[in-house]
Amino acid sequence: MALLEVQDLRVSFDTPDGTVRAVRGLSFSVDRGQTLAVVGESGSGKSVATQTITGLTRGAQISGTAYFEGTDLISADAATLRRLRGAEIGMIFQDPLSSLHPHYRIGWQIVEMIQAHDHEISKRAARRRAADLLTLVGIPRAAERIDDYPHQFSGGMRQRVMIAMAMALDPALLIADEPTTALDVTVQAQVLNVMRRLQEEFGTAIILITHDLGVVAEMSDEVIVMYAGAMMERAPRRDIFYRNHHPYTQGLLASLPAQSGKRLTPIAGSPPSLINLPKGCPFAARCPHVFDRCRVETPPATDVQGDPRHQSACWLDHNVTEAVAS
Amino acid sequence: MLVFLIRRIGHGILVLWLITLAVFGLFFVAPSNVAQSLAGRQATPETIALVKHRLGLDLPIWRQYLNFIENAAHGNLGFDYYHQVPVTTIIGQALPVTVSLALGAAVLWLLLGVFNGVISAVHPRSLADRGLTLFSLFFYSFPSFLLGLLLLYFLYFRLTLAGFEWFPAGGYTGITQELGSWVQHLILPWLALALLLAATYTRLTRGSMLDVLGEDYIRTARSKGIRESRVVVRHGLRSALTPVVTQFGIDLGQLVGGVVVIESVFSLPGLGKTAVTAINQQDLPVIIGIVLFASAAVVVANILVDIVYAVLDPRVRLH
Ligand SMILES: Nc1ncnc2c1ncn2[C@@H]1O[C@H](COP(=O)(O)OP(=O)(O)OP(=O)(O)O)[C@@H](O)[C@H]1O
Ligand code: SF4
Ligand SMILES: [Mg+2]
């Protein structure tokens, strides 16, 4: 059984301008110890979807299920979610500069996390554990630096601190929302290395949200491509790069910069408004292969070449695949 | 830190010195006829001259000023013109009243303001938020003397007429004499002084809290699985307090003005009321003594606020 099984997740926000349908019927699953990459342009609902699963989305209408080790996170009460957050599901976010509390020492912040879930552990033991974790993520002289404030660390070092904190209680799942986007290329590689090393050591499953297909190629086992709040294509990593089906996936790959580490240059045009979505395929306005049916009916995600691990939401023939990028 | 303290104390002394100059200057521009009134209406010019001499008023103004500074440096602020009581004694008697009034009001407005602000920010646009917004708007533009008079009218006058003698008309009982009576005498003045500022602080805390609760590190705190109350207070309020503390430092100076008015309205024998009486009687040493003392208190309080500020925010380096 999968560690996390999300079925038909829908999230919408009521705003003065209308209802923003940020996530529209998303289904996916993550296995233990595996890395699922989630890619897609800005605003495609990647953050909203993952934060909804952990109960961090506020003021939204939410439906669907998300079973995590037998518990439905969507219908779970606040106390259950709180017990899981941190202990079973760790999270790191895009901007390491603003994700740590500026007024508290980093050791204090890690200890707080440990003690929130482990009521037995002494302060001293929690501190020792925090220092060990900081060493593990490659912070030099961790025993001394544990009493430093976040502003005394560089961006890359702060993201390591975030990783140490997220991994402090050996969670089964780590959700990393663009963990390297704000960092420069060499630091990115180091941070990704740390994540991979910890994953091997602890057997953590990772949901890795990223704009960077280079990161996808390096880190992921499976990939979900999202567009306008819905899944366009899902496939094992190799298939996404070499046997992809969906025109949007192909557009993303075609716009991949020569060297990795840059944000994707988007495909011509821009995503549709999530308030007034046109009928049919959400990608129709930008799709080079668009035909009549696309503008009338919304394509469901169906198996590509009979492989249930590879699905595409597109009306084009599911027995033909095409590789764009090398 | 040490350099900062020394510099701030230096600034403070400079400010106090300028204030002595200003006050002396004022009385030079508008000379007093205190000797006349002391000597009585029918006094001969000789008697008046004698009184002047006894008070040192016959000396040139710069001489008077130098004498004052020299005495002040020895902790002697002079004697009042009418009863020859040391000014330090007068201040010492009035001080507990003013401190009770000011500190009590400050605690009340901070607690009310911060508590209400947090409630408003945690449930924006809720009934509580709307109610508190209304409360704030109501007291926002209420001069405290008017509020004081209204409180007196309704809670003292009308209540007492109706047979409920809950609140006295004014006056003061020392905290060491009887705690209950101390509170009873001060509760209306506290409210008069605190409500307006509580309203301001509610708005300030609400805005600051709303900003902070949208920060990434609040999301991180929630992602750690700690209690929401802890997220709001330890993580949210901790940051949101910085602008509140800054504002508190600014308002301390204003508090002095409020205290003068409220002490008069409620006939509290504090520094403010003493100063007003002294001004009416042109009792120069008392006026200068109180002004100087109040300024020193504000200067010291501001230094304390800066220290609190630095303790609250480790990124602030004191220069
Ligand atoms: N609280 C909210 N109220 C209204 N709309 C929201 C809210 N939160 C998110 N949205 C909208 O939901 C959509 C999806 O946002 P989301 O942050 O999930 O995108 P994303 O895929 O993570 O993008 P990025 O790559 O820029 O992080 C966006 O259009 C956003 O404006
Ligand atoms: S369904 Fe039509 S418009 Fe949508 S991606 Fe496929 S071909 Fe393009
Ligand atoms: Mg995002």
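This tour visits the surroundings of ligand 1, then a helix pair in chain A, and finally chain B, all in a predicted model.

**Ligand 1 and its shell**

Begin by selecting ligand 1 together with the 14 residues around it. Those that come nearest are A:Ser42, A:Gly43, A:Ser47, A:Val48 and A:His211. Colouring the shell by residue character gives four nonpolar, seven polar and three charged residues.

Next, display the side chains of A:Lys46, A:Ser47 and A:Glu178, and follow the polar contacts to the ligand one at a time. For A:Lys46, a polar side-chain atom is found 2.9 Å from an oxygen atom of ligand 1. For A:Ser47, an N or O atom of the side chain lies 2.7 Å from an oxygen atom of the ligand. For A:Glu178, the corresponding distance between a side-chain N or O atom and a ligand oxygen atom is 3.1 Å. With a surface switched on, consider how much of the ligand is covered: ligand 1 taken alone exposes 640 Å², of which the protein buries 65%.

Which elements of chain A give two or more residues to this shell? They are strand S1 (4–15) and helix H1 (46–53). Select H1(A) in particular, since this helix gives the most to the shell, with three residues.

**Helices H7 and H8 of chain A**

Now move to residues 155–166 of chain A, which form helix H7, and to residues 185–202 of chain A, which form helix H8. Their axes come within 10 Å and cross at roughly 15°. An angle under 35 degrees counts as roughly parallel, and H7(A) and H8(A) are therefore roughly parallel to each other. Viewed along the line of sight from one helix to the other, H7(A) passes H8(A) in a right-handed crossing.

**Chain B**

Hide chain A and show chain B as a cartoon. How many helices and strands does chain B have? The chain has 12 helices and zero strands, so a reading along the sequence meets α elements throughout its pattern, α-α-α-α-α-α-α-α-α-α-α-α. Reduced to the C-alpha trace, chain B spans about 85 × 60 × 35 Å along its principal axes.

Finally, select helix H9 (residues 216–223) and helix H10 (residues 228–265) of chain B. These two helices pack at an angle of about 155°, and their axes are 10 Å apart. Angles over 145 degrees count as roughly antiparallel, so H9(B) and H10(B) are roughly antiparallel to each other. The crossing of H9(B) and H10(B) is right-handed.

Technical notes:
Residues are numbered from 1 along each chain as its sequence is written. Chains are lettered from A and ligands numbered from 1 in the order in which they are written. This is a predicted model: local features need pLDDT of at least 70, side-chain atom pairs count only at pLDDT 80 or more; totals for chains, interfaces and linings use all residues. Side-chain values use heavy atoms; hydrogens and water are left out. A residue is near a molecule or strand if one of its heavy atoms lies within 4 Å of it. A polar contact is a pair of N or O atoms within 3.5 Å; within protein, one must be able to donate a hydrogen and the other to accept it, and residues adjacent in sequence count only if both atoms are side-chain atoms. Accessible areas come from the Shrake-Rupley method with a 1.4 Å probe; for residues, only the protein chains shown count as cover. Helices (H or I, at least four residues) and strands (E, at least two) are DSSP runs, numbered from the N terminus. Ala, Val, Leu, Ile, Met, Phe, Trp, Tyr, Cys and Pro count as nonpolar, Asp, Glu, Lys and Arg as charged, and the others, Gly among them, as polar. Axes are lines fitted to C-alpha atoms, for helices over the stretch in contact, and angles run from 0 to 180 degrees between N-to-C directions. Angles under 35 degrees count as roughly parallel, over 145 as roughly antiparallel, 65 to 115 as roughly perpendicular and the rest as oblique. A crossing is left-handed if the near helix is turned anticlockwise from the far one by less than a right angle, and right-handed if clockwise.
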